[in-house]
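Q: I am beginning to study predicted protein models and should like a close look at one part of this one. Please start there and then relate that part to the rest of the chain.

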Amino acid sequence: MVRVLMSLKTTAGFLLVIAAVLGTITVLEAREGADGTGSTFHLYGSWWLFVLLAMLFAQLTACLATRRLLRAPALLAAHAGLGLLLVGAFLTARGSERGVVYLAEGEVTNLLRTPGRLGVEIARGDSVVGRTLLRRVDRAQAGVTYALADAGTATLIRFLPSSRVRNVLRPRDDEMGAPGVSLYVPTPHGSETVVLAEGWAEDAQIGEAHLALGPPEPMPQFPLLVIRGDSVALERELRLPEDIGDAFEAGRFTATILDYSPDFKVGVARSDGPPVNPALRVALASAGAASETLWVFSKFPGFARPRTQGLTAIEFMMPSGSEEALNLSHVGGMWRFRHTTAGTETEGACAEGDTFFVFAAPSVRIPLVVHRLLSQSEVVPEVESAPDAPTAPAAVQFAFASFEEPVWLIEGGPEVVVPGSDGEPIALSLTSTATLPFWLALDDARREDYPNSAIPRVYESVVRIGPSPDSVSAPVRVRTNSPARYRGWRIYQSEFGADADDDVEWSGLQVARDPGATAAFAGVLALTLGLLGHIARIGRRALPVLVLAMVSTPGVSFADPLSHLVVSDEGRLKPLETLARDVELQLGVTFAGDPVAGLLDVAFHTATSESTPLITVDEPLASALGLAFGRGIPLVEIQGRRRGLERLAAAGDEDIGRRARAVLGAIERLGTLEDLMAIAPGTDTGSWWVPPTQAACPAWAVQRWASFREHYRAGRTREAGEEARALVREQRARLGQLLPAPFPIALEVWWRRVDPPRWLPWWAAVWCLAHGSTLARGARSRGALLLPVAMVAAFNAAAVVTWAAYAGRLPLLNSWEVYFLVLALVPALGLAVHCGTGLHPVSAVALGLTLIGGIGLRFLPASARIVRPPVAILQSGWREVHILSTMTAYASLFLVTGLCATLLVRPAQREIQRLARRILLVGIWLLGVGIATGAAWAHEAWGRYWGWDPKEVWALVAWLVFVGAAHARAGGAGATRGWAVLVILGFAALLFTFLGVTFLLPGLHSYG
């Protein structure tokens, strides 16, 4: 058995099986969950996936026990590292904790939201006595039994990932029944029934009208302090700030109102101004517990639920401001109503069938029909699935042996009381929250965008961390890709939001603890170093290391001065010519003649912008809008369909909605062209662009621009040119310290006019012919064979270096940029291998692959060629290492695939076979480095190094196929053609990882 496990053939086959399983199920999971309803197949975390990984670990253990590996230290380290990685992954799967903490500015909490990890919390009186985590409830079938502490055992009947709950009123004959009423409410989407039970806690709201069943007095219109302790709702009407200093009993506690702030922001209580974020400071004292001081917030009760040690929850409720209320009461066996609206009260007897008209909106009055009146009733929840609302709460239904009826538990819903194992009542609640061993306070949350753009540059939170709400640390900054650490936990910047109406900002902080990360990363390091040592051992004469020198050539200055005018757009400063060409790419059109002139015609001449076919609408969208299909549609015609576009953009059809949003963005971009910008020095950001008509713009810019626009509109070409040159000179003279140097601007103008990607396929085709003709003549000079591939490599390298020089970064942000980088690396690697080995087929393969890749480049989205700055999540030191290593691996494996394609025709080329295997090992190592550095980046950004994202899984699938191919070749399995086919299949998996996942499967890496 051990010999079978450690066989190279067995290893190769087993790796291919794992790759096939991961790839297939990941596609199914991703496609099934693309509509937001969740996945069905549930590969991740399933028992049989753990079985597969356990079998892999057993095979590694058998291999490590062989003497063959003991004689090869590099392979020993690689296999031991892979085993250590599996151990770390197991520790992560079984012991990691993670979730999100949502905080508004000024709030304190220790509650962790753990989406997807539901738990049943069991409470007895004021104390929580247990919590059962339903780890795999979404995969469990009916009949699974859970132990719920003092509540005994419960059998799962049904699970709903998203639920819709409505209350149902039914009669009750015993003395426990309270008066109840159900009201029939017609709505535009059908009808619904509102159920009220006696007591203020059961009130409801229909639009702007309040409904209640209780004593006959009118509904209070003041803030309420609600204390829930000892399972009794205790309520008090407050008049603030007059009631400050008042004390009253609240369950086992004595509560004293210490302070009231109408606007509690950034940790500071403000006493002046309107009630924006009201807060109440309450002191709680009890003989059996230490005194506590709590801030209670009205505006955002969902962010934090302050609880005392005795588990008394406090909520501070603000009045609705509604002037309309309907109060129903059952007194002395008689039903009565009191209807208050606009200061007028109406009251009288109430009976089934009565109709009340209430305001749902200022001008919308709807009828409420009394459906049922019961003097003794109970309200029970009726739960149904809500697949159309994926964000709705989850629900589980349990059957208890000690309880007659099944029980529904709703995530975040009310507690359900059942008899405990000793007959005493037990309160059950379904929650996705857990308690952290520390407290978090948010002082400030902010987002900073690049100037003149909506591209986020920084997400940042200022937090304080401590063992208790009254004992927290000094402020700590948490930024994207820069977490804070506290006692083995990491706090990451995850989400950000702002309420513009209330001037309140909040942060979502990812909090994680991972006991397996250290072992996993140690295993990755051992695996990487072991593979590198193995490559060095078998390839001492091997591949030269390619170093790309970042050098540039002198730029070219053109006579057209306005092309060099610096403008701010898409978050960066660039020449006006680039803006014009970017507009062309976004609109899918080409301006006649000079792009800058075409842009100015659209901006300055209304007739031109309305009649020129500027907006590209494809056939599906044109059909949905009722337009004749064509490449370009005049602006005036498409603007007439603006409402239709907005409707389609908000519709559920993802494909049509995306197309409609793109056209709306193009319209908005054209609408701003009239306000072509001029730069002005700023105080905070260094510089920004403002329309010349605004007072913040310097007077010289306003004057020059207005003069230029007047001459241009009048057709005075010479005068317009003089004003344009003067505008460029003055911009450089007055604001030179704020602008990029003239050289990168001129370089960018040159690159966009030459447009190397457009010429790449033709350039590669010409040199492929030159290479072929050289071989046909039987030339023996290696220099003659090297010249074509050297020329293509130099052309591509110059294009990448020039692009990086004016963009200020390497092309690493989207699919177009990294694809272009791979095309630059392929001929460079072919040139390096040709020089190191003297095998001329390598250069021929590199040229052919560059030609094929250059043609494929033209099918990627043109708008991806617009240079934009990296968003906040991409600003990490891991980005360059991760993407460069991955793209170099792509180029290496692309070259190997080309060599294997030649082996299909001529399998007897032994030198090509050996070379392909060596390059394959280099590609495997580089791809492994790319996966590992991506995991390290994810750990720094999100607190987890592996998230089963489709891109992550398919990169692993491709790596496993290539590793299986390497093992198969080393074990002598199969013929040369079979091995070549296996390598080609691995590259097909890699191609799907790069393009298929990006455009077909939803995920974190699905960028354009």
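How many contacts beyond four places in sequence does the model have for residues 301-306, over which pLDDT stays under 50?

A: The model has 17 such contacts for residues 301-306. Contact here means heavy atoms within 4.5 Å, and pLDDT is the predictor's confidence in each residue, from 0 to 100. Over residues 301-306 that confidence stays under 50. Where pLDDT is low, the predicted coordinates should not be read in detail. The 17 contacts of residues 301-306 therefore call for caution.

This is a predicted model, in which local features need pLDDT of at least 70 and side-chain atom pairs count only at pLDDT 80 or more, while totals for chains, interfaces and linings use all residues. Residues are numbered from 1 along each chain as its sequence is written, and side-chain values use heavy atoms, with hydrogens and water left out.

A second stretch invites the same caution. Over residues 539-559, pLDDT also stays under 50, and the model has 29 contacts beyond four places in sequence for these residues. For the chain, the mean pLDDT is 76, and 75% of the residues reach 70 or more. Strand β41 (residues 687-690) has the lowest confidence in the chain, with a mean of 36, whereas strand β32 (residues 476-479) has the highest, at 91.

The wider chain may now be described. Of its 1008 residues, 47% are buried, where buried means under 20% relative accessible area, exposed over 50%, and partly exposed in between (1.4 Å probe, protein chains only). Among contacts with a separation of 6 or more, 61% join residues that are 24 or more positions apart. The chain contains 24 helices and 41 strands; these are DSSP runs numbered from the N terminus, of at least four residues (H or I) for helices and at least two (E) for strands.

One open sheet consists of five strands in the order β10-β11-β21-β22-β23, and its pairing is mixed. Two strands count as paired if DSSP finds at least two bridges between them. The edges of this sheet are β10 (204-206) and β23 (344-349), each of which pairs on one side only. Strand β10 runs antiparallel to β11 (residues 209-213), and three bridges join the two. Within this pair, Gln-205 stands opposite His-210 of β11.

Charged side chains provide further links. The structure holds 24 salt bridges, each being a side-chain nitrogen of Lys or Arg within 4 Å of a carboxyl oxygen of Asp or Glu. Asp-443 and Arg-464 form one of them, with their closest N and O atoms 2.8 Å apart. This pair joins distant parts of the chain, since Asp-443 lies in strand β30 (residues 433-449) and Arg-464 in strand β31 (residues 456-466), 21 residues apart. Asp-443 is buried, at a relative accessible area of 13%, while Arg-464 counts as partly exposed at 23%.

Asp-582 takes part in two salt bridges. In one, the side chain of Asp-582 meets that of Lys-574 at 2.8 Å, N to O. Lys-574 is buried, with a relative accessibility of 0%, and Asp-582 is likewise buried at 0%. In the other, Asp-582 pairs with Arg-752, the closest N and O atoms being 3.1 Å apart. Arg-752 belongs to helix α16 (residues 742-754) and Asp-582 to helix α7 (residues 576-587), so this pair ties together parts that are 170 residues apart in sequence. Arg-752 is buried too, with 7% relative accessibility. Elsewhere, a network of salt bridges links Arg-446, Glu-448, Arg-457, Glu-460, Arg-477 and Arg-479.

Two loop residues complete the account. Asn-481, in the loop between β32 and β33 (484-486), has a positive phi of about 70° although it is not a glycine. Asn-481 is buried, at 13% relative accessibility. Arg-487, in the loop between β33 and β34 (489-499), also has a positive phi, near 50°, in a residue other than glycine. Arg-487 is exposed, with a relative accessible area of 65%.
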